[in-house]
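Visitor: I'd like to get to know this structure step by step. Could you walk me through it?

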Number of protein chains: 4
Amino acid sequence: MNLSPHPGDRKKNLMTDTADLDTTTPDGTDDVGTPHHGYITDKDRYLARLKRIEGQARGIYKMVDQEQYCIDILTQVSALTSALESVALGLLDDHLKHCVVDAVKLGGDEGEAKIKEASDAIARLVRS
Amino acid sequence: MNLSPHPGDRKKNLMTDTADLDTTTPDGTDDVGTPHHGYITDKDRYLARLKRIEGQARGIYKMVDQEQYCIDILTQVSALTSALESVALGLLDDHLKHCVVDAVKLGGDEGEAKIKEASDAIARLVRS
Amino acid sequence: MNLSPHPGDRKKNLMTDTADLDTTTPDGTDDVGTPHHGYITDKDRYLARLKRIEGQARGIYKMVDQEQYCIDILTQVSALTSALESVALGLLDDHLKHCVVDAVKLGGDEGEAKIKEASDAIARLVRS
Amino acid sequence: MNLSPHPGDRKKNLMTDTADLDTTTPDGTDDVGTPHHGYITDKDRYLARLKRIEGQARGIYKMVDQEQYCIDILTQVSALTSALESVALGLLDDHLKHCVVDAVKLGGDEGEAKIKEASDAIARLVRS
């Protein structure tokens, strides 16, 4: 059961859209033409990066627990922040390339709404 | 067993210093006058925050695994980045208040070296 | 005299595009159907903000020249950085809404190229 | 004429302090031993950088006025933000090295107050 309100709709839209996209872009579909979510092509890579990020967070917990040197902890926090930013920029790029492009191509208000939503997410990233 | 090369030295310095500090600042020592590390007063609070941060990282992993909506994932990444920044700013403040102040009071090159080190850490934070 | 290599081409594309867009979106054209650039609707507001930003930069110069207190100068630098970020986020939002949407609607590689370019700009903003 | 409420006081403190500092650090005084503010050693360099920053701000104003390509403008905004961050990190480093160190050496509450103030400025920088 998927609790997100979006994936279902998006899957349907993507199915239509990736059919169109097949002529121009080879990505977005696997070998047998099954469409998938924007970021699913790289899903394993994202999961591996996020697993590593979780490990970095656990490492920082241990450093504080062992009362290691503050500056060394700060260095690890900066590294973790950078790793998170990279993941966020990757997800955002995938989102623009797939969800936003698909919504724009469908026309109507949906494209505009997706861009407003993406801009808000970018603002949160820049300011966080 | 403490693997860090620093705590031992720092504990010694702090012991001397917090003895001096007792007349001017009540913090830095507990009720029976035992000195502790810069951030140890709040150690439990830091550990609780870092445990939560680790949980946030795990939550983002799950969101990607369940292919939840990109924008919702990005919102969580921004929240996690902000939480990490808060921890970093807290650790840095503690570091300046304790390690740097102690080193400056000891005089000599040590204070200068500590400030150089803190400035480098600040630059990494601002740029990450 | 316009030194930019882009506006001419873009004006032409937009002219074609906004003609198409008229049926789906009322924005992008004024009452008599004259097309304009992505950010030109708010051009005066952007110019007013940038004039203020230039004044803030000049103010910081004066503060250093008068050897005012470092922390007060840093406060002004943070305010200026925030003002710049706001302008950047506004420009980016306008860019996505207009240039990127127009390019995606034209189809072909152009849309993909515009999104790659926007993602790179977002990464520079997030990391700067 | 100096409009800042601080320099007078700080000059006095620094005079005392740099007398002490003379034995350990050669910087902070000029050839005839006249003490000066934390950042004055590099004042000309800061002024040159800030003059360039003001020019960058004016350049961005012109780019918008000439309706140059959004992405090119964003690139210049990112460059300006980075230049401002570098100036801020430099000023902060100077502030820690001089004002904060001097206040800590004087002892009493002043050192603690300076560190609180510096931490707040760092938080504004990290979050801006």
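What follows is a set of questions and answers about this predicted model.

Visitor: Let's begin with chain A. What pattern does chain A follow along the sequence?
Guide: Start by listing the pieces: chain A has four helices and zero strands. Put those pieces in sequence order, and the pattern for chain A reads α-α-α-α.

Visitor: What percentage of the residues in chain A is buried?
Guide: A residue counts as buried when its relative accessible area is under 20%. Apply that cut-off to the 128 residues in chain A, and the buried share is 53%.

Visitor: And what about the outside? How much of the accessible surface of chain A belongs to carbon and sulfur atoms?
Guide: The accessible surface of chain A totals about 5800 Å². Carbon and sulfur atoms own a share of that surface, and the share is 51%.

Visitor: Of the contacts in chain A between residues at least 6 apart in sequence, what share joins residues at least 24 apart?
Guide: Here we leave out pairs less than 6 apart in the sequence of chain A. Among the contacts that remain, the share joining residues at least 24 apart is 48%.

Visitor: Now for the partner. How much area is buried between chain B and chain A?
Guide: First, the residues: 51 of chain B are in contact with 51 of chain A. Carbon and sulfur atoms give 68% of the area buried between these chains. The whole buried area comes to about 4900 Å².

Visitor: Which residue of chain B forms a salt bridge with A:K43?
Guide: There are six salt bridges between chain B and chain A. In the one with A:K43, the closest N and O atoms are 3.0 Å apart, and that passes the 4 Å cut-off. The residue on the chain B side is B:E67.

Visitor: Which helix of chain B gives the most to the side that touches chain A?
Guide: Between chain B and chain A, 12 residue pairs are in polar contact. On the chain B side, α1 (7–21), α2 (43–65), α3 (70–106) and α4 (109–127) each supply at least two residues. The biggest giver, with 18 residues, is α3(B).

Visitor: How many residues on that side of chain B are nonpolar?
Guide: Sort the residues of chain B that touch chain A by class, and you get 12 polar and 12 charged ones. The nonpolar group on this side of chain B numbers 27.

Visitor: Why does B:S86 count as partly exposed?
Guide: B:S86 sits in helix α3 of chain B. Partly exposed is the class between under 20% and over 50% relative accessible area. B:S86 falls in that class because its relative accessible area is 25%.

Visitor: Which residue of chain D does B:S86 touch?
Guide: Leave out residues up to four places away in sequence, and one of the contacts of B:S86 is B:R49. B:R49 is 37 residues away in sequence, with the C-alpha atoms 9.7 Å apart. The contact in chain D is D:R127.

Visitor: Last stop, chain D and chain C. Which three residues of chain D supply more of the area it buries against chain C than any other three?
Guide: Chain D and chain C bury about 5000 Å² between them. Of the area that chain D buries there, 15% comes from the three you're after: D:Y61, D:E67 and D:Y69.

Terms used
Residues numbered from 1 in each chain as written. Chains lettered and ligands numbered in written order. Predicted model: local features only at pLDDT ≥ 70, side-chain atom pairs only at ≥ 80, totals over all residues. Heavy atoms only, no water. Contact = heavy atoms within 4.5 Å. Buried area = accessible area lost by both parts, 1.4 Å probe. Salt bridge = Lys/Arg side-chain N within 4 Å of Asp/Glu carboxyl O. Polar contact = N/O pair within 3.5 Å; in protein donor to acceptor, adjacent residues only side chain to side chain. Nonpolar A, V, L, I, M, F, W, Y, C, P; charged D, E, K, R; others polar. Buried < 20%, exposed > 50% of the residue type's maximum accessible area, 1.4 Å probe, protein only. Areas by Shrake-Rupley, 256 points an atom, 1.4 Å probe, with all protein chains shown as cover.
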